[in-house]
Amino acid sequence: MRSLKDKKIVAGICGGIAAYKTAGIVSKLVQAEAEVQVIMTHAASQFITPLTFEALTHRKVFTNLFQDDPLAHVELAHQTHLLIVMPATYHVIGKLASGLADDMLTTTLAATRAAVLVIPAMESQMYTNPIFQENCRKLRALGYRFLGPESGYLASGRAGIGRFPDEEKILKEIETIFVDHSLLSGLRILVTAGPTREMLDPMRCLTNKSSGKMGYALAEQARTLGADNVLLISGPTQLQPPEEVDFLKVESAEEMREAVLAQEKNFDVIVMAAAVADWRPKRISTHKIKKLSTSSLTIELERTPDILHILSQKKRKGQCVIGFAAESENVIENAREKLRKKQLDLMVANSLIQENAGPESETNEVTLIHKNGRSEPLPVMDKREVAYEILRRIARLAKSK
Ligand code: C5P
């Protein structure tokens, strides 16, 4: 979450049972090097103590409008980049919508012109109450940003709408508020992801361990960063396609080739993050291969078409083609050689024998190889952040063409 570094964030904690979940979020924001100031309502401190947040943020928590500096709320309101109200209760949303300000949190909210993210959580009957819904509508129309609530298990033991969203979802939303939403504007981006599956017979196949996480993160971030159009072409994965991204599902390297070549002319940037098979069975048996009395079975393989190579051959002026190289040895040298051979604009190299990286991991550690051969190692980061860093370089590349 590099986009959060040095951002001034006010976390306004209200008195709902989900208050205990906000400690994890505050901790993650601090770890991302945001400057977090916590304000708690009186009711919030019935659920969780200020001490918890003081330990996490190393700052005094504001709980009382009149306790310390009487102008603290005005100063905070001016300095902050983002105010988060979580869990936003029926009462606090009611006060906000009515223009009432009688404590540290609501006076700071009244005085700020910064972005405000409201994350409501409460029992379904309260959430669906028409008065409350009217208040939310009013705040939305005034530019307040809302996230959640979700449906699921509630503290009462019932199930329904009103549940506080998952930590990861909230952090993603916060991060989204700070990114440059026009970084990729004017660019149409095609991303491939996942493994391919090369059938041997109707049941068996050759595939690889790619999870698709890196490619899906690239497609999602490309959308967030304002690309005009994003198409994700994916081999078989367990992942949900990102929202607002066009999606095409393929299975084999041949299907991937057909899909990419049919689409490439509509895109300015092509990122081949898919782990496309290099080999496939020369013959696909129409029937399941029988267990024979012999103790071994020989399968003849043939090369699949190298999509990246074909793309680089027909690349039109101004188009950017980016490759990935997963290597188990001589990572940089091999990736540099592939970049040269396939005439790519950028190569993303990663080692298959690294900790904190690999197909299943949520994090990745990559080295970018630039066209002039320069290698640029990036630190271990969440795959979403790696995607952001790659796309930042792509934006520069594409705009300089
Ligand atoms: O040469 P190697 O397969 O290691 O190169 C990996 C890069 O080439 C990846 O970007 C992958 O998507 C692409 N590739 C391809 N067609 C293939 C095999 C790999 O485009 N048949």
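A pocket here is an open set of grid points, on a 1 Å grid over the protein atoms alone, with protein on both sides within 12 Å along at least five of seven lines. Keep that in mind as we work through this predicted model.

**Exercise 1. Place the ligand and describe its shell.**

Solution.
- Start with the site: the ligand takes up the space of the second largest pocket.
- Next, see which elements line up around the ligand: helix H12 (307–314) and strand E16 (320–327) each give two or more residues to the shell.
- Now count the neighbours: 14 residues surround the ligand, and the closest are Met 272, Ala 274, Pro 305, Leu 308 and Lys 338.
- Finally, sort the shell by character: eight residues are nonpolar, two are polar and four are charged.

**Exercise 2. Find polar contacts of the ligand, using a cut-off of 3.5 Å between N or O atoms, and then its buried share.**

Solution.
- Take a ligand nitrogen: this atom lies 2.8 Å from a backbone N or O atom of Pro 305.
- Turn to ligand oxygen: one such atom is 2.9 Å from a polar backbone atom of Phe 324.
- Look at a side chain too: an N or O atom in the side chain of Lys 338 is 2.3 Å from an oxygen atom of the ligand.
- Close with the surface: the ligand taken alone exposes 450 Å², and the protein buries 89% of that.

**Exercise 3. Classify the aromatic pair of Tyr 216 and Phe 247.**

Solution.
- Begin with the total: the structure holds three aromatic pairs.
- Recall what to compute: the distance of the centres and the angle of the planes describe a pair of aromatic rings.
- Apply this here: Tyr 216 and Phe 247 are 6.3 Å apart centre to centre, with 65° between the planes.
- Compare with the cut-off: planes over 60 degrees apart count as edge-to-face, and this pair is indeed edge-to-face.
- Locate both partners: Tyr 216 belongs to helix H10 (residues 213–224) and Phe 247 to strand E12 (residues 246–249), so the pair links distant parts of the chain, 31 residues apart.

**Exercise 4. Inspect some backbone torsions.**

Solution.
- Check omega from Met 86 to Pro 87: this peptide bond is cis, with omega near -25°, and Pro 87 is found in strand E3 (residues 82–88).
- Do likewise from Gly 148 to Pro 149: the bond is cis, with omega near 0°, while Pro 149 lies in the loop between strand E5 (145–146) and strand E6 (150–153).
- End with phi: His 58 is not a glycine, yet has a positive phi of about 60°; this residue sits in the loop between helix H3 (50–57) and helix H4 (72–79).

Technical notes. Residues are numbered from 1 along each chain as its sequence is written. This is a predicted model: local features need pLDDT of at least 70, side-chain atom pairs count only at pLDDT 80 or more; totals for chains, interfaces and linings use all residues. Side-chain values use heavy atoms; hydrogens and water are left out. A residue is near a molecule or strand if one of its heavy atoms lies within 4 Å of it. A polar contact is a pair of N or O atoms within 3.5 Å; within protein, one must be able to donate a hydrogen and the other to accept it, and residues adjacent in sequence count only if both atoms are side-chain atoms. Accessible areas come from the Shrake-Rupley method with a 1.4 Å probe; for residues, only the protein chains shown count as cover. On a 1 Å grid over the protein atoms alone, a cavity is a set of points where a 1.4 Å probe fits but cannot get out, and a pocket is an open set with protein on both sides within 12 Å along at least five of seven lines; lining residues have an atom within 4 Å of a point. A molecule sits in a cavity or pocket if more than half of its atoms lie within 2 Å of its grid points. Helices (H or I, at least four residues) and strands (E, at least two) are DSSP runs, numbered from the N terminus. Ala, Val, Leu, Ile, Met, Phe, Trp, Tyr, Cys and Pro count as nonpolar, Asp, Glu, Lys and Arg as charged, and the others, Gly among them, as polar. Rings of Phe, Tyr and Trp (its six-membered ring) pair if their centres lie within 6.5 Å; planes under 30 degrees apart count as stacked, over 60 as edge-to-face and the rest as tilted.
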